[in-house]
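Hi there,

I am passing a structure on to you, and I thought a short tour might help you find your way around. Please open it first and then read on.

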Amino acid sequence: MEDLPAIERRAAHIKLLLMDCDGVLTDGRLWLVDSDEQKSFDVRDGLGLKLWRRAGLKSGIISGRRSGAVERRAKDLQIDFLRQGEPNKISAFEEILKLAGVDENDVAFVGDDLTDIPPMQRSEFAVAVADAAEETQLVAHYLTQARGGFGAVREVVEIILKAQGRWSELTREYFKG
């Protein structure tokens, strides 16, 4: 892990936030039902991603699994890039960077498990959620205080937007009384 000034330097120029879904936007548990699987998402992560979008920044999900619930959540949050059923996350990572017109120095990646390590290693700001696998934590620049599915993405969004000097302007409307 890096110290706060190093984290802020990395976060200051991030333009694209990429993340895994299961274990990052959710707590990683799956409820399998006849029609599809069910997932639980944290509303604080949702508001964080809405603020991210309001800041004019791009976001994406790269998931090894396919799920209608993830597709619906990504649409609700206006996630720019959604790649599901991607066992090789690097190819999806490279494709999204090309489509977004950014390079690895502009990217933050949030992960929780072994399959997230390759894109984390290629990102300027690699983040592991608090309950990530030990190996994933070892490659991260930052370890969230929040567990996956419990506000970890919101925490990352706050760090980046504060480092960019945008947090106050984007949240000002919530403090009007």
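**Salt bridges**

The count of salt bridges comes to 16. Please keep in mind that this is a predicted model. Here are a few of the pairs, followed by a look at one helix.

A good place to begin is E2, whose side chain meets that of R10 in a salt bridge with an N to O distance of 2.8 Å. The two partners differ in how they are covered: E2 is partly exposed, because its relative accessibility is 29%, whereas R10 is buried, because its relative accessible area is 18% and the cut-off for buried is under 20%. The pair also belongs to something wider, as a network of salt bridges links E2, R10 and E124.

Next, have a look at R83 and E95, which form a salt bridge with their closest N and O atoms 3.1 Å apart. R83 sits in strand β5 (residues 81–83) and E95 in helix α4 (residues 89–100), so this salt bridge ties together parts that are 12 residues apart in sequence. Is R83 buried or exposed? R83 is buried, since its relative accessible area is 16%, while its partner E95 counts as partly exposed at 36% relative accessibility.

Helix α4 also holds E94, which pairs with R122 of helix α5 (residues 117–122), so here the parts tied together are 28 residues apart in sequence. In this salt bridge the closest N and O atoms are 2.9 Å apart. E94 is partly exposed, with a relative accessible area of 39%, and R122 counts as partly exposed too, at 28% relative accessibility.

**Helix α7**

Now please turn to helix α7, which covers residues 152–163 and has 12 residues. From its first C-alpha to its last, α7 reaches 17 Å, close to the 16 Å expected at 1.5 Å a residue.

How many of the 12 residues of α7 are buried? Nine of them are, so α7 is mostly covered, given that buried means under 20% relative accessible area. The buried residues of α7 are A152, V153, R154, E155, V156, V157, I159, I160 and L161. As you look along the helix, it may help to recall that an α-helix has 3.6 residues a turn, so residues three or four places apart point the same way.

After α7 comes G165, and its phi is positive, near 70 degrees.

Enjoy exploring, and do write back with any questions.

Best wishes

Methods. Residues numbered from 1 in each chain as written. Predicted model: local features only at pLDDT ≥ 70, side-chain atom pairs only at ≥ 80, totals over all residues. Heavy atoms only, no water. Salt bridge = Lys/Arg side-chain N within 4 Å of Asp/Glu carboxyl O. Buried < 20%, exposed > 50% of the residue type's maximum accessible area, 1.4 Å probe, protein only. Helix = DSSP H or I, 4+ residues; strand = E, 2+ residues; numbered from the N terminus. Expected span 1.5 Å × (residues − 1).
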